[in-house]
Amino acid sequence: MQEQATVANSSNPGAAAKAAGASPPGLRIVCTRLPCQQAELRAARALVQPSIKPQLPSALWVASLRGLYLRNAVQGAWLDARGKDAAWLRKLCSQLHHELQPARDFLICLYSDAPDADLQALPWLEPQLNLLPRPAPDSGFALWRGDEEAAEDALARLLWRQHDYNNRWHDNQGRQLYYPRPQLENELHGALQQSAPFLLVGMPLAGKTRLLLRALCTRGEALLVARPDSGQFQFPADWPESLWLVCDDLDLLLDQPGFKAGFLDFIARHGRWLATCRSGEAYEKICAALPPRSQGEYLHNILVGRLTPQDAEKLAAQLQLQPKAGQRQLPQNIGFYFMQKAVNLWRNVYQGLSQAQKSALRAATLCMRFGASSDLDNLQLSLVRNCASQGLPASLAPADFDAACHALDQIAEGRGWWQHEAVNGRLRLEPVFADQVIDPGGELLHVDWLARLQSALPQQRWLQEPAAIARWAEQAARHGWRLDRDSMAQLQAQCACLQSAVQETGLPARAAQRALLFLYFCATPDLRAEILALLPPQQGGAGLQISLNQLLADFHGMPLAQVLGLYQHLGLRADSYTFNTLLAQSAPGAAGASQRQLILQHMQAAGVAADVFTYTILLEKAGNAQERRELLGQMQAAGVAADVVTYNSLLEKAGNAQERRELLGQMQAAGVAEDVITYNILLEKAGNAQERRELLGQMQAAGVAADVVTFTTLLEKAGNAQERRELLGQMQAAGVAPNVVTFTTLLEKAGNAQERRELLGQMQAAGVAPNVVTYNSLLEKAGNAQERRELLGQMQAAGVAPNVVTFTTLLEKAGNAQERRELLGQMQAAGVVADVTTFGTLIKHAESWAECEGLRQTMRRDNVAPNLICFNSLISHCLDFRQAQALLDELLAAQLKPDHYTMPALVKKAPDFATALLMVEQCTALGARLNEHVFKAWRRHARSAAEEQILREWEERAGRSGFSRE
């Protein structure tokens, strides 16, 4: 999902400020302990420092400030009042209030060193921590001070449930890596500057809490935090109005005993509260729980989404979550990366469970899939037991089910994904565990299970509530499941609520609407019009807008006319987020240019102005430097200021050093300061060591600290072991700890097994755990089968699950067909699906054409399209030229072009010289280069002097055009 934010505008900001207990616009005089620059950040305004001598009487201070107050361009003043006692400051405040009429908004900050106790009667710019009330230990709340050691870790511990804190933060990479999302961060900081409440809305694992953690820690203000694991809540009666209350997953907290009533009473007195919630449906639930808003008061809603594919690729490259050559290991989103270590551990634990334990977990997953509870992960124990006893999905007697649940309770590693509450008859199962480990293919989502559940347990209302259908469709959507006509007919036949509820009014209709929206986006194109007919025309709504924007960002490829028609049908106005999402989904370069032009035309017709997000996306998609220059000109003409993210995107796209120099000049002229990402991009693109040294000097002069990505990039570029050792020393001196990417880079560069062993020892000493990419690199470099077996053992002991790259590497290295068969069996047992690279490796090492045909059938069954490498290997293995010609036809039909490996394989299969000549002419016309192997194979067909002459002419032609020896 595109990482952007949509913030609702206030129709009555004054009412919102009043709700938060803020002063009305006018004169404000406050004490502060902050220097002027920090006071400006806190006050979100520029402050003038008048030159007033401390020994002058207060009347002259007032006269000087009156002159500033009368200048409308001045927003406020900061005065050094150190050495003045509380009585003098109170007298000054009284004189200022008397002399300066509150005709406009003006802030005076008095920088004081008087004791806190003497100044309690005066207002403060920032809260005084030692004066803050402490919530009672059993109140369900905690005070986070913001100035304590390891403040971010302390806030994470307070915000998250204990098992989430352990799995997503403490025992994982969450606290070691923060993926910056500047646009969204700016929106969040802007909301924190206001006095009105707001919600961060986003799907599970979109990174909402992680984003909030970074923003709150950057500001460093004290907070009241709701503890999600608390069984009861007692809201404080005297919490200062200037500080925020923070809640994670507020929609879940509202279901906790006693929370809702206390919360509603608290926010009636206290306007500054912020929270996260898990979906547009949860947003609507929270809005419905709140009292009717009056006088135009409002809630901000900041929509947090998963990463775009482009951002995910950047992150994957940065973290080496995919091989340098390409493709396969793209993380689904930032949250999934943080969870990866835990998921790998869970997967290994799951493989070691008994069949009864697996059956119990699969029964719980099936109940979760088909909406057996009001919450996705909160299940009724008796219902799951009954499902298992009915063989759904596997037969398990009640006594065996209970024994399996108790056995799961004893697994220490299982506490993050399994909670068995026998006393109150509930089960909790982590949805990520169900999706990634128990049912990764989504087999338990199939509509056929619904009929079996309704037949076996008719007393249970399976998918008979619109909200349950919505939850099922949302899970199906995450697995890429597509709703066809037969499945839709089954749903309509078995879920009467699907049609009846949409005719009603109130909450049931909204829930049904959400269900139909999910089904619409899951549906095949030919079915969407029928589902749209079930959706009655609507009058819009904030929750509906959020839901639809989320769905639009998650599902690519929907025609523009369908998108705009859907918004119009639902009474919604496509906003900047909508259009920016559509632009982000367009193909890059010339392929998507016409689509982007059409989207921009509709955007202009709708009266939606292009913003910095719009231009940044367009610059990302631009196909050449000229197009990027034109877009920058349009951006300036529209009065939209490019930020550091925009310039970083341009620098990433720049094709040469000259273009990068021009961009840096424009960046400096615009007053946009380079950040560490800017320099990391430049270092990555630098052509030589001298250029990198100059960049490091500029980085140091600009006061930009090098981070782990900076040093890892330099280590990657280093020319020898000595240079790498020096860089590691600089890294240590700068206090930058190497991460798994750093060590993996060093392991790839290592020249021998001894050096790799030493690096693994350093990695272990630094407390950095190898990941799957590390092990894949080591397996690639392993010198023999024994070393590979040892590495696989270490990998399993470390809880790192092998992936498709692991098995493909092992298959490539395997010494014989028997070893490859054993590896394929292990791959299947681990649930790892072969990709095109895996099949290419297997075809290359096939021992017969029959084996090749069998692999091709498997590829067709698994919907894996062969690439050029596969075709080249197949042509080499085929039995005669007829088969080779058919394979060439398939290759061309797949929009592929033959290369310098295809051509010699075809020439070898040719029955005579003339046919070989025809193959050479056809391949070279399509861009393939001649090489030694072509002429060696072709020469075998030459039978006459004329044919020898033709061969020499082609050799001379190849020499003139650049002969390839590959």
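Which residue of β3 does W78 stand opposite? The answer is C109. The model here is a predicted one, and this pair is a good place to enter it. W78 belongs to the pairing of strand β2 with strand β3 (residues 106-111), where 5 bridges join the two in a parallel run. Strand β2 spans residues 76-80 and is mostly covered. Of its 5 residues, 4 are buried.

Step back to the whole chain. The protein chain has 966 residues, and 52% of them count as buried. Its secondary structure comprises 49 helices and 12 strands. About 42600 Å² is exposed, with carbon and sulfur atoms supplying 51% of that area. Take the contacts between residues at least 6 apart in sequence: 73% of them join residues at least 24 apart.

Next comes confidence. The mean pLDDT of the protein chain is 81, and 85% of its residues reach 70 or more. Among the elements, helix α44 (residues 868-877) has the highest mean, 95, and helix α1 (residues 13-19) the lowest, 30. The pLDDT is below 50 over residues 1-24, a stretch that still has 73 contacts in the model beyond near neighbours in sequence. Residues 501-508 also stay under 50. For that segment the model has 10 contacts beyond four places in sequence. Where pLDDT is low, the predicted coordinates should not be read in detail.

Now a second strand pair. Strand β4 (residues 141-144) is joined by 4 bridges to strand β6 (residues 223-226), and the two run antiparallel. W144 stands opposite L223 in β6. In a regular strand the side chains alternate between the two faces of the sheet. On β4, F141 and L143 lie on one side, A142 and W144 on the other. All four are buried, and both faces of the strand are covered.

Strand β5 (residues 198-201) holds L199. Is L199 buried or exposed? L199 counts as buried because its relative accessible area is 0%, under the 20% limit. L199 and I286 are 87 residues apart in sequence, yet their C-alpha atoms are 9.5 Å apart in space.

What does the interior look like? In soluble globular proteins, nonpolar side chains tend to be buried together. The largest nonpolar core of this model has 189 residues. Those with the most contacts inside this core are L361, W472, L483 and W938. Helix α22 (residues 507-522) gives the most to the core, with 8 residues. Follow L483 outward, leaving aside its neighbours within four places in sequence: its contacts include M488, L491, L519 and C522. A523, T524, L527 and I531 are also in contact with L483. A second, separate core of 32 residues includes L224, L245, F259 and A275.

Polar side chains can be checked too. T616 lies in helix α28 (residues 612-621). T616 counts as buried because its relative accessibility is 7%. Beyond four places in sequence, T616 is in contact with Q183, V645, T646 and S649.

How many disulfides does a search of the whole structure find? It finds 0. Consider C852, which counts as buried at 0% relative accessibility. The closest cysteine sulfur to that of C852 is in C878, 9.2 Å away, so the two are too far apart for a bond. A disulfide needs the sulfur atoms within 2.5 Å. C405 is also buried, with a relative accessible area of 0%.

Finish with the backbone. Most residues other than glycine have a negative phi, and most peptide bonds are trans. Three places in this model depart from that pattern. The peptide bond from L392 to P393 is cis, with omega near 0°. P393 is found in the loop between α15 (381-389) and α16 (398-409). D249 has a positive phi, near 50°, in the loop between β7 (244-247) and α9 (250-253). Q895 also has a positive phi, about 65°, although it is not a glycine. The place of Q895 is in the loop between α45 (881-893) and α46 (902-909).

Which of these two residues is buried and which exposed? D249 is buried because its relative accessible area is 13%. Q895 is exposed, with a relative accessible area of 72%.

Methods
Residues numbered from 1 in each chain as written. Predicted model: local features only at pLDDT ≥ 70, side-chain atom pairs only at ≥ 80, totals over all residues. Heavy atoms only, no water. Buried < 20%, exposed > 50% of the residue type's maximum accessible area, 1.4 Å probe, protein only. Contact = heavy atoms within 4.5 Å. Areas by Shrake-Rupley, 256 points an atom, 1.4 Å probe, with all protein chains shown as cover. pLDDT = per-residue confidence, 0-100. Pairing = 2+ DSSP bridges. Core = buried A, V, L, I, M, F, W, Y, C linked by side-chain atoms within 4.5 Å.
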